[in-house]
Amino acid sequence: MSERSDVLVVGGGVVGVCTAHSLVERGVRTTLLERGEICSGASHGNGGWIFPSESAPLPGPGAIREALPWLLDPASPFWIQPRASLALLRWLWDFRRACNASAQRESFGLRRALSLASLERFGELAKQLDFGFTQRGLTLIFQTAKAMRDAQHEVDLLEAAGGSANWLAVAALREAIPGLSSELAGGLEFPADAHITPGDFVRGLAADVAQRGAAIETHTEVLGVEWSRRGPVRVRTTRGDFSADEVVLAAGAWTPELTRGLGLRIPVEAAKGYSITVERPAGHPDLPLALAEGMVFVTPMGSQLRFGGTLELAGLDLRMNQRRVDALARTVRRYLPGIPRTPTVEIWRGLRPLTPDDLPILGRPAGTSGLILATGHGMSGISQGPISGELIAQLVSGETPEIDLAPFSPDRF
Ligand SMILES: Cc1cc2nc3c(=O)[nH]c(=O)nc-3n(C[C@H](O)[C@H](O)[C@H](O)COP(=O)(O)OP(=O)(O)OC[C@H]3O[C@@H](n4cnc5c(N)ncnc54)[C@H](O)[C@@H]3O)c2cc1C
């Protein structure tokens, strides 16, 4: 079998589905290939935050010093599984190079621009689809005065970029959020941010894409990609060959695997995170929280409540580390000791596709033909997904991308 489209999109996560959506909106004949079900990767069990206000990238001044004590503790919020990998060493080297104030400032502006543009698109899409889009801000909760002082740097970056944040007193926090600990230092609200139920968004949008005429081929695993200067790009899959003028590789943390043998360096490391979804306790407010020192999110999603976080560089390893799940549950109890226990809906882990500079990779690699990369969204794939899809569709259609793609070039490493 060899099926031909204008564009093949590989990956049915938020980035692939948003790309397919923006393509079909332009009348491009599109086929999306997904090896499992739609939204079976990182896009399923995440925090659902759209957070232009918190756009500081992971690398920054002091990031390595702060993370060092955690590296020795496999239950800490950030952990690197020791392993001999040249790709990981190069990734860490590039990460270190991005740990400076000017790179952080520049990256903040770029990441914020992506998230703000996505936020606008989420608002538009919410008029047609129901995915729990709620724009009531995000609130950080601090247990220590030191963490609050450290957060001032993020507020400075935000205010310099034209955003705003409000410091909150403990009494106001405890009034708004039942079950919160009294041993707190304070809170910080980012009123412009929003949250969604990510699975509902990706699956709903994929259904819309199919209805508009795109082919969505699930249970179709891509085994290899071949391109030539003259002909179409050919994609070998477990369900035969597909070909197209262009192929968009949006396979999240697995994207480097797909391009093996093409001579491309795609520094994307899998950064594993966990979430626990429970039935939402009665009266729990529709207000997403970040438990700051524990680096844990708490997001209400309809009748459910999701806790999650942690970042583990362990390669493409989806094994569940119970110590990390237990540490996550303990952190939630520390901040929210009074929250009633409710039945667990799902314990989940996913692999974030993380680049060393914490910017996505969007564009055509130099020296190739018909290949486009759309990956590396790290902790922010929901926040940046809709605009990433739009930028890729603009590139395919020969339009001038509404945000300059140069800083996201695959050739920057
Ligand atoms: C715990 C946690 C919390 C998070 N919270 C947030 C948040 O609050 N806000 C936010 O913006 N981001 C958040 N993220 C990050 C976000 O989830 C990711 O950045 C985003 O989901 C990445 O989307 P993606 O489409 O690139 O990858 P994925 O969703 O992983 O999709 C890639 C798809 O490609 C498919 N695939 C892989 N290989 C092949 C192949 N060979 N053939 C065919 N298909 C293939 C996979 O099955 C998968 O469905 C969080 C992540 C985690 C883990």
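This passage describes the surroundings of the ligand, a group of aromatic rings and one strand residue in a predicted model.

The ligand is a good place to start. Its shell is made up of 40 residues, and the closest of them are Glu34, Ser43, Gly378, Met379 and Ser383. Sorted by type, the shell holds 18 nonpolar residues, 18 polar residues and 4 charged ones.

Several backbone atoms make polar contacts with the ligand. A polar backbone atom of Ser383, a residue already listed among the closest, lies 2.7 Å from an oxygen atom of the ligand. For Trp49, a backbone N or O atom is found 2.9 Å from a ligand oxygen atom. Val222 also contributes a backbone N or O atom, here at 2.9 Å from a nitrogen atom of the ligand. Taken on its own, the ligand has 1000 Å² of accessible area, and the protein covers 97% of it.

Which elements give two or more residues to this shell? They are helix 1 (14-25), strand 13 (269-279), strand 17 (344-354) and helix 10 (381-396). Strand 17 provides the largest share, with 4 residues. At the level of domains, at least three shell residues come from domain 1 (2-44 + 200-265 + 358-408), and at least three come from domain 2 (57-99 + 133-193 + 268-354).

Attention now turns to the aromatic side chains. Across the whole structure, 7 aromatic pairs are found. In one of these, Phe122 and Phe131 have ring centres 6.0 Å apart and planes at 55°; the pair is therefore tilted, as edge-to-face would require an angle over 60 degrees. Both partners are shielded by the protein. Phe122 has a relative accessible area of 0%, and Phe131 has a relative accessibility of 1%; the two residues count as buried because the cut-off is under 20%. The pair also belongs to a wider group, since ring pairs join Phe122, Phe131, Phe133 and Phe201 into a cluster.

A final point concerns Val233, which sits in strand 11 (residues 233-237). Is Val233 buried or exposed? With a relative accessibility of 1%, Val233 is buried. Along the chain, Val233 and Glu246 are 13 residues apart, and in the model their C-alpha atoms are separated by 6.3 Å.

In short, the ligand has 97% of its own accessible area covered by protein, its shell draws on both domain 1 and domain 2, and the four Phe residues named above form a cluster through ring pairs.

Technical notes:
Residues numbered from 1 in each chain as written. Predicted model: local features only at pLDDT ≥ 70, side-chain atom pairs only at ≥ 80, totals over all residues. Heavy atoms only, no water. Near = heavy atom within 4 Å. Polar contact = N/O pair within 3.5 Å; in protein donor to acceptor, adjacent residues only side chain to side chain. Areas by Shrake-Rupley, 256 points an atom, 1.4 Å probe, with all protein chains shown as cover. Nonpolar A, V, L, I, M, F, W, Y, C, P; charged D, E, K, R; others polar. Domains from an automatic or database assignment. Phe/Tyr/Trp six-rings, centres within 6.5 Å; stacked < 30°, edge-to-face > 60°. Buried < 20%, exposed > 50% of the residue type's maximum accessible area, 1.4 Å probe, protein only.
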